[in-house]
Amino acid sequence: MKKLILSVAVSVFAASLAPAAFAATTQQNKMKECNASATDKKGDERKAFMKECLSAKPAAKSTTQQEKMKSCNKDAGEKALKGDDRKKFMSECLKGG
C-alpha cells in the first residue's frame, strides 16, 4: 500500500513538472529567431547582431479589428450618429483614417 501511494505521489509530482520543463520561454523563442536571422553572419558581426537582436524589445501589439470596432462604435455613439452618417464614420474609423 505504501508503494502504491508513493508511486502515485511521484507520478503526480512528475506530471506537474513536465509542462514547465518542456514549455519554451519567450527568451528561447527569441534566441531561435535571432539565430535563424544570423545564419549569414560570422565572427564579430554575428556577435554584434545577436546582442542587438536579443536585447530588442518586442514590437508593440497592434490594435485588433475587434478592438477597433469597439472603439469606433463608442465614438459613433458619443457623436449620436445614425444612418448613412454612422456608416460613413464607421467605415473611415475602421480603416484607421
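Contact here means heavy atoms within 4.5 Å of each other. The structure is a predicted model, in which local features need pLDDT of at least 70 and side-chain atom pairs count only at pLDDT 80 or more, while totals for chains, interfaces and linings use all residues. Residues are numbered from 1 along each chain as its sequence is written, and side-chain values use heavy atoms, with hydrogens and water left out.

**Exercise 1. Describe the chain as a whole: its elements, its buried share and its contacts.**

Step 1. Taking helices as DSSP runs of H or I with at least four residues and strands as runs of E with at least two, numbered from the N terminus, one finds 5 helices and 0 strands in the chain. Read from the N terminus on, the order of elements is α-α-α-α-α.

Step 2. A residue is buried under 20% relative accessible area, exposed over 50% and partly exposed in between, with a 1.4 Å probe and protein chains only. Of the 97 residues in the chain, 9% are buried.

Step 3. Among contacts between residues at least 6 apart in sequence, 17% join residues at least 24 apart.

**Exercise 2. Find the disulfides, and state for each which helices it joins and how its cysteines are exposed.**

Step 1. With a disulfide defined as a pair of cysteine sulfur atoms within 2.5 Å, the count comes to 2. When the bonded cysteines are numbered in sequence order, the pairing reads 1-2, 3-4.

Step 2. One disulfide is formed by cysteine 34 and cysteine 53, whose sulfur atoms are 1.9 Å apart. Cysteine 34 belongs to helix α2 (residues 26–37) and cysteine 53 to helix α3 (residues 43–55), so the bond ties together parts that are 19 residues apart in sequence. The torsion about this S-S bond is about -85°, and the disulfide is therefore left-handed. Cysteine 34 counts as buried because its relative accessibility is 1%, whereas cysteine 53, at 21%, counts as partly exposed.

Step 3. The other disulfide joins cysteine 72 to cysteine 93, with an S to S distance of 1.8 Å. This pair links distant parts of the chain, with cysteine 72 in helix α4 and cysteine 93 in helix α5, 21 residues apart. Its S-S torsion is also about -85°, so this disulfide is left-handed. Cysteine 72 is buried at 2% relative accessibility, and cysteine 93 is buried with a relative accessible area of 19%.

**Exercise 3. Work out how α2 and α3 pack against each other.**

Step 1. Two packed helices are described by the angle between their axes and the distance between the axes. With axes as lines fitted to C-alpha atoms over the stretch in contact, and angles running from 0 to 180 degrees between N-to-C directions, the axes of α2 and α3 come within 10 Å and cross at roughly 145°.

Step 2. On the α2 side the contact includes Met31 and Cys34, which, with other residues of that helix, meet a set in α3 that includes Phe49, Met50 and Cys53.

**Exercise 4. Identify the largest nonpolar core and the helices that build it.**

Step 1. A nonpolar core is a set of buried Ala, Val, Leu, Ile, Met, Phe, Trp, Tyr and Cys residues joined through side-chain atoms within 4.5 Å. The largest one has 5 residues, namely Cys72, Ala76, Phe89, Met90 and Cys93.

Step 2. Helices α4 (65–78) and α5 (83–95) each supply at least two residues of this core, and the largest share, 3 residues, comes from α5.

Step 3. Leaving out residues up to four places away in sequence, alanine 76 touches Leu81, Arg86, Phe89 and Met90.
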